[in-house]
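Student: I would like to go through this fold and its ligand site with you. Could we take it one question at a time?

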Amino acid sequence: MHFLRLFCAYTTIALISVFRLFLSDPLMHLILLGPPGTGKGTISEFIEAKFEAEHVSTGDLLRDEVAKKTEIGKSVEPILNKGALVDDSVVVQVLRKKLSQAKAKNFILDGFPRNLNQAKILDWLLHELDVSLDAVLNIDSSEDVIIKRLSARRQCVKCKRIYGLDVPSKKKGVCDDCGAKTMQRKDDKPSIIKKRLRLYNELTLPLIFFYGGKGLLIHVDGNRPLQEIFEEVETVLKKFDG
Ligand code: AMP
């Protein structure tokens, strides 16, 4: 009798564990929102390393197309250089391919969505890929801090690692990780930065209400040293990991 009770208890616990495994999605899928220059790229690198997440940046994907001189790359290069936004359908095309590979892991989406239409497309895309969104981190900074940061930003042309005021490369102009050249992006010039900020305020800022309404938004103050931001992001994300 005692053995039977024990057997039933263990079987119940095992069944509950199996059910929980099937019911909960153990992966962490995030969006990073915030104006250009708030450190989204660097924060993504931190999350990538800490939570084994893939950094999916539509800016990087488009710059890759430009570097490879593909048809898409040739068509978007002038748009990127002047800091304007690429057509939604083109961005979705490069993103869809990348997300279908990244969906089996933790991922952080950076640079997408950039307007309400893209946010709605993303809902569809995630539904199609059977992926759920855990949180949207909104990193905010003042305009002065943004312009200072972006003017100092350099990116490795090969591995895409980002360097800046808080994290300079050891040797000027050379990537610490792969030894390739680091360069200033053409759209990190002051007049273009102002244009990108204007576009952000006009088109991307409304997404705060969109994701706030879904209960997914988490605010992170980006006007602080990176180390403090990293600590807060780590604390906030621990509850979504696994
Ligand atoms: P980022 O690296 O996110 O600052 O993006 C660099 C540039 O890529 C932007 O200024 C746009 O020209 C283009 N881009 C990146 N993501 C998007 C997007 N979601 N929609 C439209 N254009 C984008």
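Tutor: Gladly! One term to begin with: two residues are in contact if their C-beta atoms, placed from the backbone, lie within 7 Å. Keep in mind as well that this is a predicted model.

Student: With that cut-off, which residues of α4 are met by α3?

Tutor: Start on the α3 side, where L62, R63, E65 and V66 take part. The residues of this contact divide into five nonpolar, one polar and three charged. Across from the α3 residues, the α4 partners are I72, G73, V76, E77 and L80.

Student: How far apart are the axes of α3 and α4?

Tutor: Two packed helices are described by the angle between their axes and the distance between the axes. Here α3 passes α4 in a left-handed crossing. The angle is about 115°, and the axes of α3 and α4 lie apart by 7 Å.

Student: Which helix gives the largest share of the shell around the ligand?

Tutor: Two helices are worth checking, since α3 (58-67) and α4 (71-81) each supply at least two residues of that shell. By class, the shell has nine nonpolar, five polar and three charged residues. The largest share is three residues, and the helix they come from is α3.

Student: And which residues come nearest to the ligand?

Tutor: There are 17 residues around the ligand to choose from. Those that come nearest are T58, G59, V86, G111 and R114.

Student: Now the sheet: which strands stand at its edges, and why is one side of each left without a neighbour?

Tutor: The open sheet has five strands with parallel pairing, in the order β2-β3-β1-β4-β8. Each edge strand has a single partner strand, so one side of it has no neighbour in the sheet. From one strand to the next, the twist averages 25°. The edge strands are β2 (53-57) and β8 (217-221).

Student: Inside that sheet, what is the bridge partner of L32?

Tutor: Strand β1 (residues 29-33) runs parallel to β4 (residues 135-140), and four bridges join them. The partner of L32 lies in β4, and it is L137.

Student: Last one, on the whole chain: what percentage of the contacts with a separation of 6 or more is between residues 24 or more positions apart?

Tutor: The protein chain has ten helices and eight strands. Of its 242 residues, 29% count as buried. Among contacts with a separation of 6 or more, the part from residues 24 or more positions apart is 73%.

Definitions and conventions:
Residues numbered from 1 in each chain as written. Predicted model: local features only at pLDDT ≥ 70, side-chain atom pairs only at ≥ 80, totals over all residues. Near = placed C-beta within 6 Å. Nonpolar A, V, L, I, M, F, W, Y, C, P; charged D, E, K, R; others polar. Pairing = 2+ DSSP bridges. Axes fitted to C-alpha atoms, helices over the stretch in contact; angles between N-to-C directions. Left-handed = near helix turned anticlockwise from the far one by under 90°. Buried ≥ 20, exposed ≤ 12 C-beta atoms within 10 Å, placed from the backbone.
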